[in-house]
Amino acid sequence: MSECHFGLFGLKPAFELDLTELASRYRELARAMHPDRFADADAREQRLAIERSANLNDAYQVLKNPAQRALYLLRLEGHELPLEATVKDPEFLMQQMLLREELEELDRLDAVAAFKQRLKQAQAQQEGQFAACWQVPEQREEAERLVRRLQFLDKLAREVRQLEERLDD
Amino acid sequence: MAVTMTEAAAKHVQRSLDGRGKGEGIRVGVRTTGCSGMAYVLEFVDEVVGEDQVFESFGTKVFVDAKSLVYIDGTELDFVKEGLNEGFKFNNPNVRGECGCGESFNV
Amino acid sequence: MALLQIAEPGQSPKPHERRLAVGIDLGTTNSLVASVRSGVAEPLKDAQGEVILPSAVHYREADVVVGRAAKAAAIEDPLNAIVSVKRLMGRGLSDIHQLGEQLPYAFVQGDSQMPYLQTRQGAKSPVEVSAEILKSLRARGEAALGGDLVGAVITVPAYFDDAQRQATKDAARLAGINVLRLLNEPTAAAVAYGLDKQAEGVVAIYDLGGGTFDVSILRLTRGVFEVLATGGDSALGGDDLDLAIAHWVLAQAQASTDLTPSQQRELLAQACAAKEALSQVSSVTMSYGAWQGVLTREQFVELIDPLVERTLKACRRALRDAQVEIEEVDAVVMVGGSTRVPRVRESVGRLFAREPMTDIDPDQVVAIGAAIQADVLAGNRSGDDLLLLDVIPLSLGLETMGGLMEKVINRNTTIPSARAQEFTTYKDGQTAMLIHVLQGERELIKDCRSLARFELRGIPPMPAGAAKIRVTFQVDADGLLNVTAQELNSGVEASIQVKPSYGLSDDEIARMLTESMQHAGADKDARALAEEQVEADRLLEAVQVALAADGLALLSEGERRDIDEAIAKLITVRGASQSPAELSAAVKYLTEVTDEFAARRMDAGIRAALAGRNLQEIEE
């Protein structure tokens, strides 16, 4: 299946996405492909069903997550972001450091909640900027910069969850 | 022309309808098979079709289509236990023979 | 005449085509088998009218007994009456020593790390012991349904790792059961509950069994059960509440903690009875040797609160992983006998700020859910109103340089799931590679659980660093891992040898299978040929059906010719050859030639299913 993730869901590649609609389409597709539907078929069909379902689940994860969706869109346009690129983003670098330091200081669950809120706002802001520029060829560099920012914020969100777990001990 | 149920059968049918959460009653009928002529049809009925005959036993409805009625007229549906196995049994006065496996019959 | 069940509209089975399937709850303490009959999912009774089969196996002089009688024998014959064998599935000897004080058996090292139990009938693997329980349940199922089973859905704790799941599947194989699906226990409970209440929304399942604890957070939407996250502890259960009481008694009696196996069994039985009594009364008398004392409910609560807190912590973690707030949970369902303990109900109610649901019998709900899914998978009922989307409970990863664990598939990823990683060789002409796969959340491999070592062989020799080996990790709907590898430059598929860290080797299973067969004297070669012939006939029929249905629409003339040729070849070999190897090669060839056709058919089928549903929605 060489179809792109958007095509699989019957959507045109876009950054703005109705997540409720996406979830609904996911359920429909899952119903049609899930190995349970092929439980009495032969081994080969079952294997194919597993492959189709695994691909669907992966596509859903990518499209659901704004940072991964953004990265995927650029990749569709042919822009492979190199893994270890030198970060040419001095203004965000500052914000990155401040956020990290703040995270390290957090030692109470209520403070963490407030931090999570600010993180969400930062993500929303970067997402809005990406939506505005990713289709403009002259702004390709800006788009790549924004994807890196979104990836960082995503990673930070995961670290916040890990911190919450530690504080629960 | 009649198709009836024992009280035990009616009770179990009702229990199934309740457990399933929906259904107007059960359909009883026959269809042809390769083995030895005919096999019984025993199904839930969710949608009532006009052409069926409806019988009622102990408050539970039994739907029979016109073609099947000829072969099962006078039949009584019972619910029995055989060891650990339990299920429905047709007592059909029209039956002349059964196939060795006990799954189909002829009239 | 055979006894009949009421079928779904239009689904009356043709004679000889009844598809009998059951759901099996293989529990630590108790097991059940259930089935859907005449539209109702219910547990099947034994000859005494009981639905529960205690998970106890007694190896006597000349036979094996399973159930109540075996459980009763556990006190006088503790080394040969095995209880709670589920705690030993997929575990190694070092794990056992940690559980040792609760399990008074004599252990012996087996071939592949799996500990065997020394009984009077010889060394038995936990897999063989579990198989005895499954055999008993299968027999009950076949007697109650009046025929052979096409298969069973067997439940496992959601938190079971790959080794524990594989051990369960191996036990089923030894018992002659075709596993339709391994189903997670909380998901099974959600199915029973969700379909019963026609529920929609977010549901938390709190499942405290005899030896395992699971918590799952699910979203129910029009028959789709989507697990958002799962958590738990596969070594924490009701048995541990009993153990806490037992320790208390020994402390009060100032007695030595060095007990004989018999004494252990007896004390634990008394503790279990006390725990159950305290659900009804506020104090119980207990005795040990010369000592006698009173255990009050308050004292009991003090003893078990630390254990209960562990379960609540797992609940909070699952909610975080699911990214769901407590307020968003619409219902919490209690599963497992130990959830009858008032303190447990109270604590869970407090955490979720709502009254836990207990109206479906907590001992039966898992088997009932499994029976419902078995009905769907066997083809007796359309799967349109039931879809289970489950997740992998533990992260899967690889050992990398410096003893670190690199995660490849994260916990709570929806399954089936697949991830590929690329590796290369570090020596000129290197043709083999070793990959160590583990499960767990920690950074160091010593803190994670070793799953297996995969030996990749047959890599074409190349200069160091030139090979591009793509290794694909695939987790199927049972939660089991399958690894494949391909060298991308040459397209060569590497052959994979799996060495499970806590599982039975293929040789061990083969040995157990032959031992359990009555006519083990049958000629090995004759059997191998017969198996290949069955396989060939099956493939020929399947391909011919497929060609009749879609050959014209999906194949070019050239492709059709190639397939026809391969069919003709297989038919010739099938008729003339007595060599299993020759027949197997012809089967393999036809399989390869029809691979592309099978993929096209599947995709066409999926598109048709989707179109059909869209049509349905327009009509609504």
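**View 1. The two domains of chain A have C-alpha centres 29 Å apart.** This is a predicted model. Domain 1 of chain A covers residues 5-64, and domain 2 of chain A covers residues 90-168. Where they meet, 4 residues of domain 1 of chain A are in contact with 4 residues of domain 2 of chain A. About 320 Å² is buried between these two domains, and carbon and sulfur atoms give 81% of that area. Pro13(A), Phe15(A) and Glu16(A) account for 95% of the area that domain 1 of chain A buries against domain 2 of chain A, more than any other three residues. The count of salt bridges between the two domains is 0, and the count of residue pairs in polar contact, with both at pLDDT 80 or more, is also 0. On the side of domain 1 of chain A that touches domain 2 of chain A there are 3 nonpolar residues, no polar residues and 1 charged residue.

**View 2. Confidence in chain A has a mean pLDDT of 89.** In chain A, 95% of the residues score at least 70. Helix α3 of chain A, residues 43-64, has the highest confidence in the chain, at a mean of 95. The lowest is found in helix α5 of chain A, residues 90-105, at a mean of 86.

**View 3. Chain A meets chain C through 35 residues of chain A and 42 residues of chain C.** The area buried between chain A and chain C is about 3,500 Å², with 52% of it from carbon and sulfur atoms. Arg27(A), Arg31(A) and Arg44(A) lose the most area to chain C within chain A, and together make up 20% of what that side buries.

**View 4. Between chain A and chain C there are 8 salt bridges.** A salt bridge joins the side chains of Arg320(C) and Asp168(A), with an N to O distance of 3.9 Å. Across this interface, 11 residue pairs are in polar contact, both residues being at pLDDT 80 or more. On the side of chain A that touches chain C, the elements giving two or more residues are α2 (19-33), α3 and α7 (140-167) of chain A. Of these, α3(A) gives the most, with 13 residues. By class, that side of chain A, facing chain C, holds 18 charged, 14 nonpolar and 3 polar residues.

**View 5. Chain B and chain C bury about 2,600 Å² between them.** Carbon and sulfur atoms account for 57% of this area. Phe44(B), Leu84(B) and Glu103(B) supply 25% of the area that chain B buries against chain C, more than any other three residues. The contact takes 31 residues from chain B and 30 residues from chain C.

**View 6. Between chain B and chain C the count is 3 salt bridges.** Arg20(B) forms a salt bridge with Glu8(C), and their closest N and O atoms are 2.9 Å apart. There are 10 residue pairs in polar contact across the interface of chain B and chain C, with both residues at pLDDT 80 or more. In chain B, α1 (7-20), β2 (25-33), β3 (37-45), β6 (76-82) and β7 (85-91) each supply at least two residues to the side that touches chain C. That side of chain B has 14 nonpolar, 10 charged and 7 polar residues.

**View 7. Chain C is divided into three domains.** Domain 1 of chain C takes in residues 21-238 + 302-378, domain 2 residues 390-504 and domain 3 residues 518-610. The C-alpha centres of domain 1 of chain C and domain 3 of chain C are 39 Å apart.

Terms used
Residues are numbered from 1 along each chain as its sequence is written. Chains are lettered from A and ligands numbered from 1 in the order in which they are written. Side-chain values use heavy atoms; hydrogens and water are left out. Contact means heavy atoms within 4.5 Å. Buried area is the accessible area (1.4 Å probe) that two parts lose on being put together, summed over both. A salt bridge is a side-chain nitrogen of Lys or Arg within 4 Å of a carboxyl oxygen of Asp or Glu. A polar contact is a pair of N or O atoms within 3.5 Å; within protein, one must be able to donate a hydrogen and the other to accept it, and residues adjacent in sequence count only if both atoms are side-chain atoms. Helices (H or I, at least four residues) and strands (E, at least two) are DSSP runs, numbered from the N terminus. Ala, Val, Leu, Ile, Met, Phe, Trp, Tyr, Cys and Pro count as nonpolar, Asp, Glu, Lys and Arg as charged, and the others, Gly among them, as polar. pLDDT is the predictor's confidence in each residue, from 0 to 100. Domain bounds come from an automatic or database domain assignment.
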